Amino acid sequence: MKFISYALRGKAAWGLASATGVVDLSSADTPTLKSAIAAGRLQALGEAAKGKADSASLAEITYLPVITDPGKIICIGHNYEEHRVETQRDKTENPTVFLRVAASQTGHLQPIVLPPESSQLDYEAEIAIVIGKGGRRIAEADAWNHIAGYSAYNDGSVRDWQRHTGQFTPGKNFDRTGAFGPWLVTRGEIEDGEELLVESRLNGKVMQHATTAMMIFPIPRLIAYCSTFTTLEAGDVIVTGTPGGVGARRTPPVWMKAGDKVEIEVGKVGVLVNTIAAE
């Protein structure tokens with residue numbers, strides 16, 4: 001099943017997506033997708049909505065970030081060997097971790113915003129996992145059971161601000177620079193550990209192309225590691241890292257500019273599409 005968060009006539013909602021529209025599943029008890037996951041009701045609500053008439057067409061809605069109210073957005077850096085090499089980072093025994101805030105995100109078909117402080121806006125194709133069942137010190141062997149589903153993510157990066165110091169936070173958190181969508185594909189639609197495509201395209205040109213088999217730290221390791229230093233909660237997001245081919249490491253560098261179209265494709269999930277707009 002596929003679930004989306006969206007706005008219709010100025011009101012935020014969420015629901016079960018089809019090829020043509022969405023069945024609204026918002027209620028007082030489950031006003032957001034995250035709340036339905038936390039209540040353990042996502043699967044049942046989705047099953048009950050199958051076959052119902054669309055509440056709205058996809059053309060009518062405005063896509064919102066898949067999880068509109070995440071408690072935590074945990075991002076992993078340098079998690080594909082090709083990207084680690086191109087950034088000249090040393091090998092490590094543990095993942096590189098940084099955080100994003102919710103305001104740094106935007107939805108499918110919405111603009112990624114180029115801030116006036118920089119012209120170095122870069123793309124990063126990634127898989128996002130949404131936690132379905134919280135926990136602390138989750139064992140790798142049990143990690144798959146804590147996943148609600150998957151989405152595509154563009155970890156848009158303002159590179160000069162990212163490099164102000166050894167910390168990534170400023171360059172990863174400009175408003176509406178990271179895109180999250182189009183939807184959540186539930187865990188049952190993808191085999192645990194299945195090899196998935198991860199690709200970015202800028203104005204139709206393939207810039208990154210890899211599979212999850214190339215990850216340095218696989219998804220169970222990321223969940224185990226992150227849940228050791230913080231309690232994971234339903235609706236938390238882990239963004240699992242980008243392959244090689246980012247714009248900053250090309251000669252000459254390739255930066256996203258106003259009017260560009262960027263697509264992030266994740267196998268069995270879909271394609272996240274955004275244009276670039278100057279603030």
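These legends accompany several close-up views of a predicted model.

**View 1. Two buried cysteines that do not bond.** Let us start with sulfur: a search of the whole structure finds zero disulfides. A disulfide is a covalent bond between the sulfur atoms of two cysteines. What keeps C75 from having such a bond, given where its closest cysteine sulfur lies? The closest cysteine sulfur to that of C75 belongs to C226, and at 9.8 Å it is too far for a bond. Seen from the other residue, C226 has its closest cysteine sulfur in C75, again at 9.8 Å and too far. A pair would count as a disulfide with its sulfur atoms within 2.5 Å. Is C75 buried or exposed? C75 counts as buried, because its relative accessibility is 0%. C226 is buried too, with a relative accessible area of 0%.

**View 2. V97 and its contacts.** Here we move to V97, a residue of strand β7, which covers residues 96-100. V97 is partly exposed, since its relative accessible area is 31%. Which residues does V97 touch, once those up to four places away in sequence are set aside? They are I74, C75, I76, Y225 and F229, so this view shares C75, a buried residue, with the previous one. The C-alpha atoms of V97 and I74 lie 6.9 Å apart in space, although 23 residues separate the two in sequence.

**View 3. An open sheet of five strands.** Follow the strands across this view and you will read the order β9-β19-β18-β15-β16, in an open sheet with mixed pairing. At the edges are β9 (112-114) and β16 (205-211), each of which pairs on one side only. From one strand to the next, the twist averages 20°. Strands of a sheet pair through backbone hydrogen bonds, either parallel or antiparallel. How do β9 and β19 run? They run parallel, and three bridges join β9 to β19, the strand of residues 270-278. A handy landmark on this pairing is I112, which stands opposite I276 in β19.

**View 4. Strand β14 and its partners.** This close-up centres on β14 (residues 178-186), a mostly covered strand in which nine of its nine residues are buried. Strand β1 (residues 2-8) is joined to β14 by two bridges and runs antiparallel to it; on this side, K2 has V185 of β14 as its bridge partner. Strand β8 (residues 105-106) also has two bridges to β14, but here the strands run parallel. For Q105, the bridge partner in β14 is G178. With strand β12 (residues 147-154), β14 pairs in the antiparallel sense over five bridges. One place to find this pairing is N154, whose bridge partner in β14 is A179.

**View 5. The nonpolar cores.** Our last stop is the largest nonpolar core, which has 53 residues. Which residues have the most contacts inside this core? They are I4, I61, Y150, I219, I223, I238 and V262. A second, separate core has 27 residues, including F3, L25, I73 and L184. Zooming in on I238, and leaving aside neighbours within four places in sequence, we find contacts with I74, I76, I127, A128, I129, I131, I223, C226 and L232. Among these, I74 and I76 may look familiar, as V97 touches both of them as well.

Conventions: Residues numbered from 1 in each chain as written. Predicted model: local features only at pLDDT ≥ 70, side-chain atom pairs only at ≥ 80, totals over all residues. Heavy atoms only, no water. Buried < 20%, exposed > 50% of the residue type's maximum accessible area, 1.4 Å probe, protein only. Pairing = 2+ DSSP bridges. Helix = DSSP H or I, 4+ residues; strand = E, 2+ residues; numbered from the N terminus. Axes fitted to C-alpha atoms, helices over the stretch in contact; angles between N-to-C directions. Contact = heavy atoms within 4.5 Å. Core = buried A, V, L, I, M, F, W, Y, C linked by side-chain atoms within 4.5 Å.
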